[in-house]
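Please open the model in your viewer and keep the selection panel at hand. The tour goes from whole chains to single residues, with a suggestion at each stop of what to select next.

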Amino acid sequence: VIGILGATGAVGRTAAQRIAAYGLGPLRVGGRNVTGAADLAASLTAPAHAVRVDLNDPAELAAFCDGCRIVVNCAGPTYQVLDTVARAAFAAGADYVDIGGELAAKDALTGGDAAGDRIAVFSAGVMPGLSGLLPRLLAKGRPLRRLDVYVGGAAVFTPLSAVDALLTRGPRFGEPMAAWRDGRVAPNTLAPLHQVRLPGFPVPVHAWPYLTTEAQTLATDTGAGEVRSYNVFVSNRLPEALAATWAEAPDARPETLAPHAQTVVRASLRDHADFGAFYVMLFTARPRPGTPPGPTRVLLTAVDSYALSGVVMALATRAVSSGSVPAGVHLAAEVLDPDATTAALQKDALVGGLTIE
Amino acid sequence: VIAADYFHQLRTPQVAIEVRCFELGPEMVAVFSLVEELFETDQVTAAFAEFVALVDALADGSGWDRMPGLPDAVDPGSGGGLRLGLLPEPAVRHREGPPADDLEQAVADVFEELLEVPVLDRAADFFGLGGDSLLAVRAVVRLAKEVGGSVPVREFLADSTVAGVAAVVRARLGDQR
């Protein structure tokens, strides 16, 4: 059985549908709202049954994981979940896939022997996740002079995802205005770009430099001389709402940030009213002169980044299920196969386009 | 008077030297602003002295009453005159896509450095990305230095896309061989 937590959410629904469609086995669909979970279970193309589960209740969580081959966690918020569900899955002898987690959860599990011969894959969504995986298509067999990452668009934030966004700050996540140059983080190197036209983005956009830890790992793994990574917005509303909250909140704890989440949600709703929903991932490579020819641009377009994250979660689950992921604790960007993932995404109806040229 | 105002004035690339005059009560104040690198100090001193002498002569003599001659209106000629849209649309439209080779990438890099925006497509147009004619001249100079091909400004203006400029460079490098 494959257990899916947070299955009735924006990400979980798509993850459940794809896992069912891939034929990975019967599903156990968990959520706080058991009626919604039951409706979803009934609509799936694989045998599925719904279970009420509260992640904060250790007994319910243990009962959910019991008997699962893989536990797939689409529930957040990441800051609360951390390694709790992963440990519950391991205790039940299951492998684990998580939409979030990033370094905090990976670190919490690494050291000691929490994983044993089990597998955990964290950050198996769009960003982080796909944003660190797809650029690897450009670096195969040749060092790059420069690699650019532009990811974003217009998406509606929920209060929970707003708090998660507000918390993705600090050295464990990334550094604003920094670039990667010659083997290390170069602080205060880049400036925000305003009203720029970027290939694949339907309107002029605002791009804010943010060198994520994922981009830093990418730089090291690919040997790129320079990496520039931008979060892309359709207007300055969201960057301003985030900055205002960071300035006003006395500290960066979920409880102090939560009252401000509505500011961020409102900004995203106004963007959505003006620009609709779209999501673009653009990666461009500048090879060193004289290196073998190869692709220099990867461009993915989609309407809904949450649904796209669900597809990535399902693909990560399939990779774990098929034995192509080694035992241990991983981040999806570092352990999934870029070519296989690309081929699967190109066939998926939720991907508007995925070109490599 | 705020110094920053003058910096602002002189950041307009066309302005190399500027004289501003003010009336302050019974006195006249003249301010010389200039791009230091372009002028020798003694040239500036001489120009200032000449200007002061001119002002003195005008103030003392009959300069205030003399009627200066104005040139006659210029005949715009048949079909001439000023109108918008004289520049034709570029004839060549390049297929969109990433820069196709090292040369196109080098041109994109030069554009990017001067325009301070990402230049990621071979069909990206220098002027569409915010370039102006002065930046275009600088681009031509930079290209000669970076890739060794001198691009005539006229040809740069005719097709100012990454692919178009690269094609001109390629043709000129070929000619030299």
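How many positive and how many negative side chains does chain A have, and how far apart do the centres of the two sets lie? Select the charged side chains of chain A, keeping in mind that this is a predicted model, and you will have 29 positive and 31 negative ones, with the centres of the two sets 7 Å apart.

**Chain A as a whole**

Now show chain A as a cartoon, where 15 helices and 17 strands can be traced. If you turn the C-alpha trace along its principal axes, it spans about 55 × 45 × 40 Å. A compact globule of 357 residues would have a radius of gyration near 21 Å, and because chain A has 20 Å, the value agrees with that expectation. Of the contacts in chain A with a separation of 6 or more, 72% are between residues 24 or more positions apart. Switching to a surface view, you are looking at about 14000 Å² of accessible surface, 55% of which belongs to carbon and sulfur atoms, while 55% of the residues of chain A are buried.

**Helix H9 of chain A**

Select residues 213-222 of chain A next, which form helix H9. Seven of its ten residues are buried, so this helix is largely enclosed by the rest of the structure. Among the buried residues are Thr213(A), Glu214(A), Gln216(A) and Leu218(A), together with Ala219(A) and Thr222(A). Step just past the end of H9(A) and you reach Gly223(A), which has a positive phi near 65°.

**Three loops of chain A**

The following stops concern backbone geometry, and a general point helps in reading them: most residues other than glycine have a negative phi, and most peptide bonds are trans.

- Select Met127(A) and Pro128(A), which are joined by a cis peptide bond with an omega of about 0°. Pro128(A) sits in the loop between strand S6 (119-122) and helix H7 (130-133) of chain A.
- Move on to Met177(A), in the loop that lies between strand S8 (174-176) and strand S9 (179-181) of chain A. Although Met177(A) is not a glycine, its phi is positive, at about 65°.
- Continue to Asp182(A), placed in the loop between S9 and strand S10 (184-186) of chain A. Asp182(A) is not a glycine either, yet has a positive phi of about 50°. Is Asp182(A) buried or exposed? Its relative accessibility is 70%, and because exposed means over 50%, Asp182(A) counts as exposed.

**Chain B**

Select chain B, whose secondary structure consists of six helices and two strands. Followed from the N terminus, its elements run α-β-β-α-α-α-α-α. Buried residues account for 28% of the 177 residues of chain B, and among its contacts between residues at least 6 apart in sequence, 44% join residues at least 24 apart. The surface that chain B exposes is about 12400 Å², with 57% of it supplied by carbon and sulfur atoms.

**Where the chains meet**

For the last stop, display both chains and select the contact between them, which takes 13 residues from chain B and 17 residues from chain A. About 1100 Å² is buried between chain B and chain A, and carbon and sulfur atoms give 51% of this area. Which three residues supply more than any others of the area that chain B buries against chain A? They are Pro98(B), Pro118(B) and Leu120(B), which supply 47% of it.

Definitions and conventions:
Residues are numbered from 1 along each chain as its sequence is written. Chains are lettered from A and ligands numbered from 1 in the order in which they are written. This is a predicted model: local features need pLDDT of at least 70, side-chain atom pairs count only at pLDDT 80 or more; totals for chains, interfaces and linings use all residues. Side-chain values use heavy atoms; hydrogens and water are left out. Helices (H or I, at least four residues) and strands (E, at least two) are DSSP runs, numbered from the N terminus. The radius of gyration is taken over C-alpha atoms; the globule rule is 2.2 Å times the number of residues to the power 0.38. Buried means under 20% relative accessible area, exposed over 50%, partly exposed in between (1.4 Å probe, protein chains only). Contact means heavy atoms within 4.5 Å. Accessible areas come from the Shrake-Rupley method with a 1.4 Å probe; for residues, only the protein chains shown count as cover. Lys and Arg count as positive and Asp and Glu as negative; His and the chain ends are not counted. The place of a charge is taken as NZ of Lys, CZ of Arg, CG of Asp or CD of Glu. Buried area is the accessible area (1.4 Å probe) that two parts lose on being put together, summed over both.
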